[in-house]
Amino acid sequence: MYEESSWYSFVPDLTGKKATAANPAKGHKRKESLLQQPNGTHTVVHQPPSLTDILEKDDDSPPEPTVARRASSFSNLRHLSTSSSDDAPTPPGTSRVKTSGDRNWDALDIPTSKRRDELAILPVLDTSTDQLLQESRRGYSLYRDQLSLAENHLDSLIQDANKSLALLTTLSTSFKSVEAQTSSFQARCDTLLKDQARLEKLANEVGTSLYYYAYLENVSRRLNAPGAGRLAEHHDLAEVLDDLESCIDFMTKHSTYRDAESYLARYQSLLTKALHLLEVGFSKHLETVSQDISRQLGSTQSESTLYALAYGRFEEMILESYSLIPNVCKVIRKAYDEEGNPRSGTASDIYTNTANNIFHSYLSTRDRDLRLSVQREIEAFEKEAKTPALESACRTFTKQCFERAYNEGNLFTKIFSITALPSTSPESAFQALRSSQRWLITPANLKPLATSLQTALQPPTDLTKICNFVGWLTHEYLISEYYEEDESPFTSQCRQYTASLLSEHLWAFTDNAFEAETTKSIARAEISVESAGVHPVLKRAIELLAMFDQCMPKERCQQDSPVVFRIVRETIHILQRVESKIKSTKSSPIDPDLFTIKNLLVLKNELVSLEIGDIRSQASSSMQHFTRIWETMSPGNWLGFFTNIVGGTLWSPARSPAPAVTAKTLTVEDMSEQLDELLRQSIYAFTRRWAAQMNDASSGGRAGGRSLGKIQTELGQKLREVFSEQPEVVGKLMEAIEINAQALKDAEAEKKGIRRY
């Protein structure tokens, strides 16, 4: 506070500038004498400013220190007067020698008479000197007075500051004393505030709890009133349902409260009553609409009129309500989400039961109204299915049913604000809709369509027609080669309908048809030996496999398919029976092992084709996979394979022979591996038998009276007859026979060496 400078802002600036002469003379001039008196008779004495004027000045800074000009002393004036008397004027005509003292007056060139006059004013100089001294002291006196005033002001400020500090100290001490005295009071106040907050919270909780208890009487009186049925068409019903649900939730969470179980049961009963009122109101409204629509549907035969009445007019009339349909949608969404999945929450079972009842009422009404038109379509299809255009009739009827299901699905979504997507959950809306229908075809009920198709395609219908229709349905909707980015909603829904129709009805029906055909044409086929080529039973099996692959997606044509397994197993069983018959006929020109190898290779090649989903029946490509089959079927190094035989691991007398694979031991899981094992057995038996004959002929003897050359010629002829179009198979078998023959020779030599040793 002492650093502020506002307290001495009244100090004036004593330094000033002299006034400039009004008409300054030109040339060299003397400075104004300090002793020069002002002109005039009156002497003007400059009065110093008063203290009040000084304090009112705006300058805040003290005057700048300056060195005042010292006035000439009295001795100088006296010297000046003496010199003037000596320099009296010289009479004219006389000459005067100038001294050094006279040179100062030459420049002045002042007349002598004037000097004498100036000497007359010397007595006045003493008085002027005193005045000058007074004027000089007056400025310093004023500054001294200002300093004194400032000092007094500062002393006053210091005294005020000391008083303020003393007062603040007293206040601080008082506050500390008061704080010490009120600490206990403050603690008590805090305790009271906490108690107040706790009591307020408790009061709110009690008030809330009382609301859940007190609401029972109000809602009971409202739902039991004579005109309570009108509440179903009013928006207040939604508020009542929410309040009842909140009360049920509260009583469920606070089961320890007094009479909570009793109130919970009563609230649940009231909720059921409110939902029953809604259900009755919806049924009445639906019946009113049905009476009008059914009367008009029975009096028209036009397809376009039927469509307009059954969907357009029905939708318009059913949605004409104040709050009935919104209340129904609210209840439905309490039980299911927008995709028809079940919800879990307060009283969800009560809502689900009411929703299912509403669905049943709606679908029963729709089934009754549209039964006549649906029966007419089914009768027309059954009549056309008895003609040769069975496949065309099935396709047309399927498209009509898909359109009806699509229209019913859209109408259901507009009324109930949910889309019941396919689901296997028994609590889903899809399953609830499925169990509530009979004649009406909807996305959840395609059974009428499946029943009509199965009736038309059942035996004695040719299996080819069944496969053609199922294949068309699969490729038309289910496994299209490409999907358009902007495909219509109808196409997308048709894919869903196709998946349900095939997986739940037609695939099982087709499998049964293949089972029946397999039993008829393969399992019960007559055993005949015509040639060493492909057996007729195997040809029929290949046809059945090709038909099954064409009408089914790839996932159902794999080796673990029960249909494929049945066909393969029955075919192998027939081939083994034929092989046994050939072996029992000694005069048969057909080699039994070569017959089995040929037919098993053809069957294996067909199964490999089915795995890649590309079946071709051309003879030139029937053995296209033989090289890969041979490599996976036989060891890469036949010499190493027969080395194991030489070691005695397979020929050991103490070792029992490995059980042969038969059709009865074939299983669906490892069918492919067991089929390869059958091929190995047949190839090994064939090559070992012919290798033994060649070794016997080459050892000097005759195998059955035949020479080595004749045996080789006969072997080549048999191989070319069976594999005339597959020279690579002939080469592989000849190579295997040579390797087997060499292995038998090495084994015989080793046995002889062991005996000698």
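Here is a short walk through the structure, starting with the whole chain and moving on to one helix and some aromatic rings.

Keep in mind that what you're looking at is a predicted model. The chain has 757 residues, and 37% of them are buried. Its secondary structure is easy to tally: 23 helices and zero strands. If you take the contacts in the chain with a separation of 6 or more, 74% of them are between residues 24 or more positions apart. On the outside, the chain exposes about 45600 Å², with carbon and sulfur atoms supplying 52% of that area.

Now let's zoom in on helix H8, which covers residues 303-318. At 1.5 Å a residue, its 16 residues should span 22 Å, and the end C-alpha atoms are indeed 22 Å apart, so the two values agree. H8 does have a kink, though: about 30 degrees, centred on Leu309. That same Leu309 is one of the buried residues of the helix, along with Leu306, Ala310, Tyr311, Phe314, Met317 and Ile318. What do these buried residues pack against? Their partners are helix H7 (260-298), helix H9 (324-335), helix H10 (348-385) and helix H11 (390-416).

Phe314 is worth a second look. Besides being buried in H8, Phe314 belongs to an aromatic cluster with Phe282, Tyr336, Phe359, Tyr362, Phe412 and Phe416. Phe314 also has a charged neighbour: the charged end of Arg366 sits over the Phe314 ring, 4.5 Å from its centre.

Aromatic rings turn up in pairs elsewhere too, and the structure holds 23 aromatic pairs. Take Tyr211 and Tyr212: their ring centres are 5.6 Å apart and their planes lie at 70 degrees, so this pair counts as edge-to-face. Are these two buried or partly exposed? Tyr211 counts as partly exposed because its relative accessibility is 40%. Tyr212 has a relative accessible area of 18%, so it is buried, given that the cut-off for buried is under 20%.

Another edge-to-face pair is made by Phe402 and Tyr477, with 5.6 Å from centre to centre and 75 degrees between the planes. Phe402 lies in helix H11 and Tyr477 in helix H14 (residues 463-478), so this pair ties together parts that are 75 residues apart in sequence. Both Phe402 and Tyr477 are buried. You've met H11 already, as one of the helices that the buried residues of H8 pack against.

Conventions. Residues numbered from 1 in each chain as written. Predicted model: local features only at pLDDT ≥ 70, side-chain atom pairs only at ≥ 80, totals over all residues. Heavy atoms only, no water. Helix = DSSP H or I, 4+ residues; strand = E, 2+ residues; numbered from the N terminus. Buried < 20%, exposed > 50% of the residue type's maximum accessible area, 1.4 Å probe, protein only. Contact = heavy atoms within 4.5 Å. Areas by Shrake-Rupley, 256 points an atom, 1.4 Å probe, with all protein chains shown as cover. Expected span 1.5 Å × (residues − 1). Bend = angle between axes of the 7 residues up to and from the residue. Phe/Tyr/Trp six-rings, centres within 6.5 Å; stacked < 30°, edge-to-face > 60°. Lys NZ or Arg CZ within 6 Å of the ring centre and 35° of its normal.
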